[in-house]
Amino acid sequence: MEYISTRGGDRRLRFREAVLTGQARDGGLLLPAETPDVRGRLREWSRLAYRDLAFEIMRLYADDLPAATLRALVEGGCAAFRQPEVAPVVPVDGLHVLELFHGPTLAFKDVALQFMGRLLEELLAEGGGELNILAATSGDTGSAAIEGVRGRRRMRIFVLHPRGRVSRIQMLQMTTVADDNVHNLAVDGTFDDCQEIVKSLFADLAFRDRCRLGAVNSINWARLLAQMVYYFHAAFRVMERTGAGRVDFCVPTGNFGNVLAGYLAWRMGLPVGRLLLATNANDILARCLADGRYRRGAVVPTLSPSMDIQVASNFERYLHYRAGGDPARVQEWMERFRREGEVALTAGGAPLDDPVLRGGSADDEAILATIRAWWERHRYLLDPHTAAGVHVAERNLEPGVPMICLATAHPAKFPEAVRRATGADLARHPLLDALEGRPVRAVRLPASREAVAGHLARVIVGPQAA
Ligand SMILES: *Cc1c(COP(=O)(O)O)cnc(C)c1O
């Protein structure tokens, strides 16, 4: 498989290069040059265990890796999960909950990052290189990235978080990791300060090269690849359970990575009726589906912080398909969006009219009501992100088509929301309880680019660098 840029950049890449490159050099995002049609293999695939299915799907896209290597990476990634089937599908009152939170940090990002950490380690060992992952987090992504990289050879990870502004659980999940290659930087500032610093360090090409900086953010193709697998696996389980010939999915959405993996699975031939994209009060994507206008707004904080996003970095990949693969069109849309903060994708405010994608949103009140109702009626605890999805799913059911709701986090990660919804302290998990009292490790730094750059250089290059 070869990979192209959404902006039409010159050279085609192989899988290895696509993973190590991350973002395309022309500023676009990388996508496979073709969509494999797997309809003829669905029957055979429906009998495979999660890890065997993962291997078959990934092999189509990572055909420049030796099969035995890919097999070992998939096995390792799956073994990091507490459930042998990795992502079980639980029937709850006519809906099907796809539990993606059985990994080390109790959030769906583990599915991709457990695979990706191992993949990067392998590619670095082949090339003899070394990589320093740099990331800013408002809470959730940081711990999943740290868990993916901890203890891996030839890699360090530096995660900036706004000191005192992440939840206690999130802080403990990041800072109690004792591996030498994990560096938590507690910055005296906001998440935006952290992100600005990271962006400006990546933009400084000389610094970036000297410190061999890299990223594991959600625009990396390897993350999407790992996420496609559970759409297939869940659809097979639910079709055999219900006898239905197709399924609907509902996906709590922020950066559009998760739902895009479902869209790609549908493009490959998975029988998906509708793919519902659920946002919280930050509903730019839901509105865009309704009126064809993609426009920037201010981010409002909600109970589902991992969906508090206005500009979804993966949306450009969807625009590529929307534009029929025409890079000039994608460039024009992205350029207009950058300049004017808004771009019309259809004429006269017409809906996007996508063959599978639909949108809906849930504000905090709807999220709390859904958590409460599911606890009272089904004794099933939802986290606030999953609850946003369930709220949208329940309003969009189609008779005869099973609905699979993606559960993106364990409720114990968001005990405040659960307490507000149910009035009780119900959300616990032994993994999180075990963090209390462990030694905490973080370096406190001012919110200044120079301070962070100096610290990175001292750790990576050595004391003489400062
Ligand atoms: C990251 C995240 C999301 C959003 O996923 P995207 O791929 O960014 O759309 C939803 N829920 C939780 C719990 C997350 O951590």
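Which residues lie nearest the centre of the second largest pocket? Select Pro104, Glu147, Arg150, Leu435 and Arg438 and you have them, out of a lining of 14 residues. Keep in mind as you explore that this is a predicted model.

**Stop 1: the pocket**

Stay with those residues on screen. The space in this second largest pocket comes to about 210 Å³. Now colour helix H6 (140-149) and helix H18 (430-433), the elements that each give two or more residues to its lining. If you colour the lining by residue type, you will find seven nonpolar, four polar and three charged residues.

**Stop 2: a pair of rings**

Next, select tyrosine 3 and tryptophan 221. Their rings form a tilted aromatic pair, with centres 5.7 Å apart and 55° between the planes. Follow the chain away from each ring: tyrosine 3 belongs to strand E1 (residues 3-5) and tryptophan 221 to helix H10 (residues 221-242), so the pair links parts of the chain 218 residues apart.

Are these two rings' residues buried or exposed? Switch on the surface to see: tyrosine 3 counts as buried because its relative accessible area is 0%, and tryptophan 221 is buried too, at 1%.

**Stop 3: a cluster of rings**

The whole structure holds 16 aromatic pairs. For a group joined by ring pairs, select Phe256, Tyr263, Trp266, Tyr294, Phe315, Tyr318, Tyr321 and Phe337, which form a cluster.

**Stop 4: arginines over rings**

Keep phenylalanine 337 in view and add arginine 296, which lies over the face of that ring at 4.8 Å from its centre. Finally, move to phenylalanine 55, where arginine 71 sits over the ring face, 4.1 Å from the ring centre.

Methods: Residues numbered from 1 in each chain as written. Predicted model: local features only at pLDDT ≥ 70, side-chain atom pairs only at ≥ 80, totals over all residues. Heavy atoms only, no water. 1 Å grid on protein atoms, 1.4 Å probe; cavity = no way out; pocket = protein on both sides within 12 Å on 5 of 7 lines; lining within 4 Å. Points joined across faces, edges and corners; volume = space filled by probe spheres on them. Helix = DSSP H or I, 4+ residues; strand = E, 2+ residues; numbered from the N terminus. Nonpolar A, V, L, I, M, F, W, Y, C, P; charged D, E, K, R; others polar. Phe/Tyr/Trp six-rings, centres within 6.5 Å; stacked < 30°, edge-to-face > 60°. Buried < 20%, exposed > 50% of the residue type's maximum accessible area, 1.4 Å probe, protein only. Lys NZ or Arg CZ within 6 Å of the ring centre and 35° of its normal.
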